[in-house]
Amino acid sequence: MKRAAMWLWTLNKGFLTHGRGLSQGSKYKVSEPLHIHQVQDKLREIVGVSTVWRDHVKAMEERKLLHSFLPKSQKVLPPRKMRDSYIEVLLPLGTDPELRDKYVTVKNTVRFGRILEDLDSLGVLVCYMHNCNHSTKMSPLSIVTVLVDKIDMCKHSLSPEQDIKFTGHVSWVGNTSMEVKMKMFQLHDDEKYWPVLDATFVMVARDSENKGPAFVNPLIPENKEEEELFTQGELNMSRRIAFGTSSLLKVAPSSEERNIIHELFLSTLDPKTISFQSRILPPKAVWMEDTKLKSLDICHPQERNVFNRIFGGFLMRKAYELAWATACSFGGSRPYVVTVDDIMFQKPVEVGSLLFLSSQVCFTQDNYIQVRVHSEVFSLDSREHMTTNVFHFTFMSEKEVPLIFPKTYGESMLYLDGQRHFKSMSTPVTSKKDYPVEP
Ligand SMILES: CCCCCC(=O)SCCNC(=O)CCNC(=O)[C@H](O)C(C)(C)COP(=O)(O)OP(=O)(O)OC[C@H]1O[C@@H](n2cnc3c(N)ncnc32)[C@H](O)[C@@H]1OP(=O)(O)O
């Protein structure tokens, strides 16, 4: 009982000192960063999971008993500061060849899919730090990823032979949801850590059995910088709601968007026939339907998370790798990821499901390729199909890529949705060669 509470305290204690932990961007200092392997160990300890799949039902039964520790209201929970949840994690690629093998691509760069997995685990650990409760051995909360709001890549290259450091903390809280900001840095020849990536995730707290909502500790900003982050978190929430309510699944496109679609349609009509049916592809263009790639995975217990559902990071890696392959076969050169945007985890994926991923290019501009991946699961027990996620990735190719043309109304909506996501990319990156981030 004391052991888990002890580590939480030890970890927290390190955060009480202010300072410049990293050469750029760090606000708080920790005594010692965690090793990447410790993240999973800590999560297992906090949630109290079985390491043997056979025992998973028993372990979940034990978690039922934690229900009584859940508060009835958020008001009774003590407020936390941003530094309470701040953690640093080291991925020692420079000194650990075995670890490097897991991360290296054929072109001697870093597998971005692996980074997505690490960010997901890190985000969850950050939230457990925020909600750390010394009175229980295991946390009564089940914390799951609901949204990858944004991952923006900086221009610096990722080497599989230099150490990587992650930092993260809670930046905003609602009643049951938390926004987590994470950064990634890589050690350079000048012995300094340079920024590589900025990520914003939203996590949700659920009860001990992951069946209903659970309150999270309030968050109090301590200074002006934190107030700005908090306000930004609130604005992000309003933006997400606005983006959701204007979804093309709910409302018609704007008049400007309707014009775009009509122009695209007109430019594919055969001028030799006076018909709406004869469609021909303009030069340097590809039909959207010809860009599709699909994959199937069986969701084995190996890919489960601490709550015995399929790990969100695994789903992201699989979707990312398929998206990369789609962009690569479409663009004709090895593309680089620029932005990951608005990955919504609508439904959990059960262990044992069949995971169908379907990827297609939905928008292009200059060297940019916008790829959408739709994820659907088939439950062998209930015989039901269900959409679980939609992923959006922006890639950049070394050379200019063909234009993409929708044929049907449904594809036109995919085109506009892709364009909306492309436009929401905060800072278009223009570099090519010094940006080697691949799957
Ligand atoms: C190693 C450990 C890793 C573990 C990490 C994982 O692998 S997790 C595995 C991958 N992820 C999952 O399996 C999650 C799958 N999704 C789900 O189970 C469900 O969608 C959910 C429980 C997260 C949410 O369900 P509902 O939307 O019905 O719940 P509800 O409406 O009560 O919302 C709960 C809180 O989430 C917020 N919320 C909901 N949708 C949101 C969105 N798109 N963007 C931001 N926030 C959102 C709400 O505002 C609310 O916060 P407030 O209450 O603050 O207003």
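This report describes the domains, the main sheet and the nonpolar core of a predicted model.

## Domains

The chain is divided into two parts, domain 1 (34-220) and domain 2 (281-426). Taken over C-alpha atoms, the centres of domain 1 and domain 2 are separated by 24 Å. Contact between the two parts involves 35 residues of domain 1 and 28 residues of domain 2.

An unreviewed UniProt entry carries the annotation "domain: HotDog ACOT-type", which covers residues 85-209 and 289-401. Over residues 289-401, the chain is 18% helix and 45% strand. The C-alpha atoms at the ends of this stretch are 16 Å apart.

## The open sheet

An open sheet of 11 strands is present, and its pairing is mixed. The order of the strands is β3-β4-β7-β8-β9-β6-β12-β15-β14-β13-β11. At the edges stand β3 (34-35) and β11 (293-298), each of which pairs on one side only.

Helix α10 (residues 409-423) lies across four strands, namely β12 (336-345), β13 (354-365), β14 (368-378) and β15 (385-396). Relative to β13, helix α10 runs at about 75 degrees.

## Strand β9 and its partners

Strand β9 (residues 193-206) pairs with strand β8 (residues 177-187) in the antiparallel sense, over 11 bridges. Within this pair, K183 stands opposite D198 of β9, and M184 has L197 of β9 as its bridge partner. The strands β8 and β9 form a hairpin with five residues between them. In the turn, E191 has a positive phi of about 65 degrees.

Strand β6 (residues 142-153) also pairs with β9 in the antiparallel sense, here over 10 bridges. The bridge partner of T145 in β9 is M203. Of the 14 residues of β9, 10 are buried, so this strand is largely enclosed by the rest of the structure.

## The nonpolar core

In soluble globular proteins, nonpolar side chains tend to be buried together. The largest nonpolar core of this model holds 103 residues. Those that touch the most other members are F112, I115, I151, F166, L197 and F395. Helix α6 (residues 112-130) gives the most to this core, with 11 residues. Because domain 1 (34-220) and domain 2 (281-426) both give residues to the core, it lies between them.

L197 illustrates how residues from several parts of the chain meet. Leaving aside neighbours within four places in sequence, L197 is in contact with F112, I115 and L119. Its contacts also include I151, D152, M153 and C154, as well as M182, K183 and M184.

## Cysteine 127

Is C127 buried or exposed? C127 has a relative accessible area of 0%, and because buried means under 20%, this residue counts as buried. C127 lies in helix α6. Not counting residues up to four places away in sequence, C127 touches I143, V170, M178, V180 and M203. One of these, M203, is the bridge partner of T145 in β9.

How many residues apart along the chain are C127 and E350? The two are 223 residues apart along the chain, and their C-alpha atoms are separated by 23 Å.

Notes: Residues numbered from 1 in each chain as written. Predicted model: local features only at pLDDT ≥ 70, side-chain atom pairs only at ≥ 80, totals over all residues. Heavy atoms only, no water. Pairing = 2+ DSSP bridges. Helix = DSSP H or I, 4+ residues; strand = E, 2+ residues; numbered from the N terminus. Contact = heavy atoms within 4.5 Å. Axes fitted to C-alpha atoms, helices over the stretch in contact; angles between N-to-C directions. Core = buried A, V, L, I, M, F, W, Y, C linked by side-chain atoms within 4.5 Å. Buried < 20%, exposed > 50% of the residue type's maximum accessible area, 1.4 Å probe, protein only. Domains from an automatic or database assignment. UniProt positions renumbered as here; feature names shortened; annotations may be inferred.
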